Amino acid sequence: MMNENLITFYRLSGTGDYSFDYHSHQEYEIYFFHSGSCRYLINNHIYDLKPGDILLMDGMTLHRPNVQPNYEYIRSVVHFSPLWIKGVLQEMGSMYLLDPFQNLQHCLIRTNENDKSKYLEDVCRRLSQLSNPTLNIEDNNIQVETERKVLLLQVLIIVNQLVKEARLEIPDKKEAKTEQAEKIASYIQLNYMKKLTLDFIAEELNVSKSYLSHVFKEITGFTVMEYLMKCRLTQVKYLLEMEPDKPLKDIAYECGFESVAHFSRYFREKVGVTAKEYRRLRLAME
């Protein structure tokens, strides 16, 4: 459930063939994993999640869950606008509560379902209840908005305590396949603007093409070329907004597209609007 500045999902669940796309957003995110089989991809990092794990994200870094089919998948999620809570934090001298999101971009907290994580879950449950549209009676809007902010402060305080206690310990040693997939993702992140092929990437990383394709698909759920195109698309979106005067053809070539026609077709297919329209819409929001 959501309002303009706060999005709260409590214990979303289901089973089946999941298909989640890479995405980014301007809100900060607290992702709370409860049950299932999930690898979470953030930029070029891959986290094998355990119940009680909490991911903190700045939102802008490309991310997606890779969920094994036919497993129950249960998670809670809180998205919030830092601007929405900034005034309260400044008044309290508590801007430090946003430091984990601003300074780390993303991190994993392994709680092992301790008491603080259970308390955090209770607060998330109440936040979700307050996000139910049937509760937003007009006369109570101010009261509901106030309680939302109070509860979000509680969430941030608990998360900050968990960060300090965890000291951002490095999770258990990753499997060789996971490490290899991260190397592939890192290489693509650094070289997406070049003309890349499976053969070229395999040669650069000193692995066979078949192994490269298999291990990346197994760990991330994406083919290597799908991931490459996602990286290019993310950079295109960034340049469209940050460099409003740059010609579309220059952006296309800078981001690794071989032709303007291919760029135009791909962008419209994946985003739903043309690149020109996307830029207009994004700039109109400023």
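In this predicted model, the side chain of arginine 75 reaches the backbone oxygen of tyrosine 73 at 3.4 Å. Arginine 75 lies in strand 7, which covers residues 74-80. This arginine is buried but has no salt bridge. Glutamate 29 carries the nearest side chain of opposite charge, and it is 8.5 Å away. Since a salt bridge requires a nitrogen-to-oxygen approach within 4 Å, that distance is too long, so the two are not paired. Leaving aside residues up to four places away in sequence, arginine 75 touches Tyr10, Arg11, Leu12, Ser13, Phe20, Tyr31, Phe32, Phe33 and His34.

One of those contacts, Arg11, deserves a separate look. Arginine 11 belongs to strand 1, residues 6-12. Its phi is near 50 degrees, a positive value in a residue other than glycine. Arginine 11 forms a salt bridge with glutamate 121, and the closest N and O atoms are 2.7 Å apart. This pair links distant parts of the chain, since arginine 11 is in strand 1 and glutamate 121 is in helix 3, 110 residues apart. The two partners differ in burial: arginine 11 is partly exposed at a relative accessible area of 35%, whereas glutamate 121 is buried at 14%.

A positive phi also appears at glutamate 113, where the angle is near 55 degrees. Glutamate 113 sits in the loop between strand 8 (106-110) and helix 3 (115-130). With a relative accessible area of 43%, glutamate 113 is partly exposed.

The count of salt bridges comes to 15. Aspartate 199 and lysine 209 form one of them, at 3.6 Å from N to O. Here the link runs from helix 6 (residues 198-205), which holds aspartate 199, to helix 7 (residues 209-220), which holds lysine 209, the two residues being 10 apart. Both ends are partly exposed, with aspartate 199 at 48% and lysine 209 at 39%. In another pair, glutamate 243 meets lysine 246 with the closest N and O atoms 3.0 Å apart. Glutamate 243 counts as partly exposed at 32% relative accessibility, while lysine 246 counts as buried at 18%. Arg39, Asp48 and Glu175 are joined into one network by salt bridges that share partners.

Next come the nonpolar residues. In soluble globular proteins, nonpolar side chains tend to be buried together. The largest nonpolar core has 32 residues, of which Ile30, Leu56, Phe80 and Leu120 touch the most other members. At least two residues each come from strand 2 (28-35), strand 5 (53-57), strand 7, helix 1 (82-92), strand 8, helix 3 and helix 4 (141-166). Helix 4 gives the largest share, 11 residues. Isoleucine 30 has contacts that include Leu56, Val78, Phe80, Phe101 and Val159, with residues up to four places away in sequence not counted. A second, separate core has 23 residues, among them Ala181, Tyr187, Ile201 and Leu228.

How many disulfides does the model contain? The count is zero. The sulfur of cysteine 38 is 16 Å from the closest cysteine sulfur, that of cysteine 107, which is too far for a bond. Cysteine 38 is buried, with a relative accessible area of 4%. Cysteine 124 is in no disulfide either, as the nearest cysteine sulfur, again in cysteine 107, is 15 Å away. Cysteine 124 counts as buried at 3% relative accessibility.

Notes: Residues are numbered from 1 along each chain as its sequence is written. This is a predicted model: local features need pLDDT of at least 70, side-chain atom pairs count only at pLDDT 80 or more; totals for chains, interfaces and linings use all residues. Side-chain values use heavy atoms; hydrogens and water are left out. Helices (H or I, at least four residues) and strands (E, at least two) are DSSP runs, numbered from the N terminus. Buried means under 20% relative accessible area, exposed over 50%, partly exposed in between (1.4 Å probe, protein chains only). Lys and Arg count as positive and Asp and Glu as negative; His and the chain ends are not counted. A polar contact is a pair of N or O atoms within 3.5 Å; within protein, one must be able to donate a hydrogen and the other to accept it, and residues adjacent in sequence count only if both atoms are side-chain atoms. Contact means heavy atoms within 4.5 Å. A disulfide is a pair of cysteine sulfur atoms within 2.5 Å. A nonpolar core is a set of buried Ala, Val, Leu, Ile, Met, Phe, Trp, Tyr and Cys residues joined through side-chain atoms within 4.5 Å.
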